[in-house]
Amino acid sequence: MSYVIQAEGLQKRFGDTKALDGVDIAARRGTVLGVLGPNGAGKTTAVRVLATLLKPDAGRAEVCGYDVRKDAVRVRAMIGLTGQYASVDEELTGSENLRMIARLLDFGRAEARSRAVELLERFRLTDAGGRAVKTYSGGMRRRLDLAASLINRPEVIFLDEPTTGLDPRARNEVWETVREVVADGATVLLTTQYLEEADALADRIAVFDHGRVIAEGTSDDLKAQIGRQTLAVRAADAARAGQLAAIVGELAGERPEVQEPTGLVTVPVSDAAMLSALVRRLDDAGIEAAELALRMPSLDEVFLTLTGHLAEETRSENLVAEGSLA
Amino acid sequence: MTTTMTKPAVAGVRREPPGRISPQRTMRHGLTLAWRNVAQLRHSPEKLLDTTLMPIVFLLLFLYVFGGAVAGSTHSYLQQLLPGLVAQMAMFATMGLGTALNEDIHRGVFDRFRSLPIARSAPLIGSVLGDTVRFIIVMVVLVGFGSILGFRFHTDPLSVLGAFALAYVFYLAVCWVSVLVGLVAPSPETVQGLAFLWVMPLTFGSSILMPNTSTMPGWLEAWAKVNPVSHLAEAVRALTVGGPVGNHVWYTLAWAAGIVLVTFPLAMRMYSRRA
Ligand SMILES: Nc1ncnc2c1ncn2[C@@H]1O[C@H](COP(=O)(O)OP(=O)(O)O)[C@@H](O)[C@H]1O
Ligand SMILES: [Mg+2]
C-alpha cells in the first residue's frame, strides 16, 4: 500500500461551524504532505480526526491501512502527534516527560531512560533535561514536544503548525528534523500558515479554506494551476523605465506595474514567446536590460487567486486576536 | 551494518500492533501515570501544604468547639471524633483530584495521552492512584497529631489496618465522583465550587461528629443513617476504638461498589466525548 494517510469526504461540525466540509487528502509513504491554510481553515480538526482524537461526523480515513474509527488503537500505535499547543507536562522535567511517554509505549525502564537521553541530546536539551518544563523557552518546549512524538519511531507523524511563534533559528531546526525523519522513512503531515514552509518542506500541498481542500498538488502544480507567469524586466538606466513600461505594455496587451524606485517593470503573461519579442524590441530601442526574467507566481499569489483573499491578511488579523488572548 | 538489524521500525516490516489493550497493560500504564502525579508533587511539595494542615485544623477546631458539649470532655470526645475524621478526610482528600484533572485536560497533556496506544481509562486510573499520596499524608498527619492530643487505638493492629483499608477503598470509590465532576466542569474553579456542593452534605449530614444522631430532625437523621460516610465512620470507630462493628463494613463496601459502578462508566463516557 503506497498511501499511508488516506481520507475521503471527512466532515466535522461544531455547532454551526463546518470545520471540515468534505475533505479528501492522501499522503504516500516517506513523503511530506503540507496542509496549508489560514487560521480557522480546519487544519487542526483534520489532524485531530486523523490522529483519532476526534470522530468525524461523516467520511472515512485510514492511517497505515487502519481505519481511524474502527481501529483507533492500532492507528495510535503507528503515529506520533505534536499538537498545535504544547502537550508536555509543565511540572515534570524534560527527561521525565520523555521517560513517562516511553513507559506508556511499553519501553522497559532502562530502555526508556536511554531513549530519553538520546532524544534530549538530538534536540539539544541535554543540559535542560533535568529542569522542569515550565522553565523552558517556547522553542525548547517545541523541541521537547517534537522529541516526545518521535519516541517509538512512528511511521506517521502529525505536526500541527510546528513552527508558529518560533524565531527563524528555531524554525530552521524544526525543518531539519522534519527532513531527517522523512529521510528515515517516516511520513509527515504538517500543517502550516506559512506558504514558504509548505514550499520548503512539502512534497505535496493541500490548500485548506473553510473546511475544504481548494487545491492539491506539488508546489509547482499549484503554481502552474494559476497558469500565468510574471515577466519582470528592469532597465540598466532607471530613467528609461517609463519607455520600457510602454513597450512591455504594448506587447503584453496589459498595463504593467512599475516599481519605485527600482524601476522594475512587471506584467502577467500567458505566452512565453513574448520574451523573445521583447528582447528584439529592447534592442531596437537601445534599452539595455539589467534584469529580465519570467517568474513563477509566489504561493501568496496562488492563495490569493484560489481563495480571493490573502493568507497573509488572515494571519496578521489572527495574530492580533491571539495576542489579546494571552 | 549491524544497526539496521536492530532498528525496529522499518517501513512495512513492523509487526501488526494489538488492536486492544489488555487489563494488565492498562494497569501498568495507570501506574506509570500515577508515578507522574507523584513526581509532580515531588517537584512542588508546597501543593501538599493544604493536605497536611487540613487534619490538624479540623482536629483542633472540632475537638475544642464540640468536645465539651458532645461528650462532656475533650479527651473522651477525641476517641469518637478521630475515627469520624478518618471518614471525613477520606472524602476531603478526593476534592483536589477533580481540579487537577480539569487543569490537565485544559493544558493539552491529555491530548498526548489520547494519541498514545493506551487504554482511555489509563490516565484517569493514573490520576486516582497517584492521588493516593494525599490519602496517606492526610491519614498519617491525622493519627500522628491525634496521638499528640491523646488519641489511642484500643483494638488489635489488624483491626486498625482493616479500618484504614476500608477508608482507602471508600476513598478510591469517591475519587471517581471527583473525576466525573472534573470532566464535566468547564473550568478548574467550577470544579472547586461543585466539590463543596457534593462533599459538604455527605460529610456533615452524617454521624462523623456525633455518634448520636437522635437530636437531628427526622429527615436529617434518616439521611445520616443511610449516608455512606456515617457507615464508614461507625466502622472505623468500631475497628479502632472498639464496639460492635455491625453491618457498617458491608454497607460501606456496598456503597463504594455502587458509587464506582455508576461513576466509572459515566466518567469514561464523558472522557471519550470530551474532544
Ligand atoms: N472544539 C471546537 N468547538 C467549536 N468550534 C471549533 C472547535 N474546534 C474548532 N472549531 C472551529 O472549527 C473551525 C476550524 O478550526 P481549526 O480546525 O482549529 O482550524 P485551523 O487549525 O485551520 O486554524 C474554526 O472555525 C473553529 O472555530
Ligand atoms: Mg489549528
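**Note on the ligand 1 site and the helices of chain B**

1. A polar side-chain atom of T45(A) lies 2.5 Å from an oxygen atom of ligand 1; a polar contact is a pair of N or O atoms within 3.5 Å, and within protein one must be able to donate a hydrogen and the other to accept it, while residues adjacent in sequence count only if both atoms are side-chain atoms. The backbone also takes part: an N or O atom of the K43(A) backbone is 2.9 Å from an oxygen atom of ligand 1, and one of the A41(A) backbone is 3.1 Å from an oxygen atom of ligand 1.

2. This is a predicted model, in which local features need pLDDT of at least 70 and side-chain atom pairs count only at pLDDT 80 or more, whereas totals for chains, interfaces and linings use all residues. Residues are numbered from 1 along each chain as its sequence is written, chains are lettered from A and ligands numbered from 1 in the order in which they are written, and side-chain values use heavy atoms, with hydrogens and water left out.

3. Among the residues that surround ligand 1 are F14(A), T17(A), P38(A) and G42(A) (a residue is near a molecule if one of its heavy atoms lies within 4 Å of it).

4. Chain B has 13 helices and 0 strands (DSSP runs, numbered from the N terminus: H or I of at least four residues for helices, E of at least two for strands). Its C-alpha trace spans about 85 × 40 × 35 Å along the principal axes.

5. Helices α9(B), residues 157–184, and α13(B), residues 248–273, pack at about 25° with axes 8 Å apart (axes are lines fitted to C-alpha atoms, for helices over the stretch in contact, and angles run from 0 to 180 degrees between N-to-C directions). The two helices are therefore roughly parallel (under 35 degrees; over 145 is roughly antiparallel, 65 to 115 roughly perpendicular and the rest oblique). Their contact (heavy atoms within 4.5 Å) includes F170(B) and W176(B) of α9(B) and F264(B) and M270(B) of α13(B). Its residues divide into 21 nonpolar, 2 polar and no charged (Ala, Val, Leu, Ile, Met, Phe, Trp, Tyr, Cys and Pro count as nonpolar, Asp, Glu, Lys and Arg as charged, and the others, Gly among them, as polar).

6. Helix α12(B), residues 228–241, packs with α13(B) at about 140°, with axes 8 Å apart; these helices are therefore oblique to each other. The contact includes H231(B) and E234(B) of α12(B) and Y251(B) and W255(B) of α13(B). It comprises 7 nonpolar, 3 polar and 1 charged residues.
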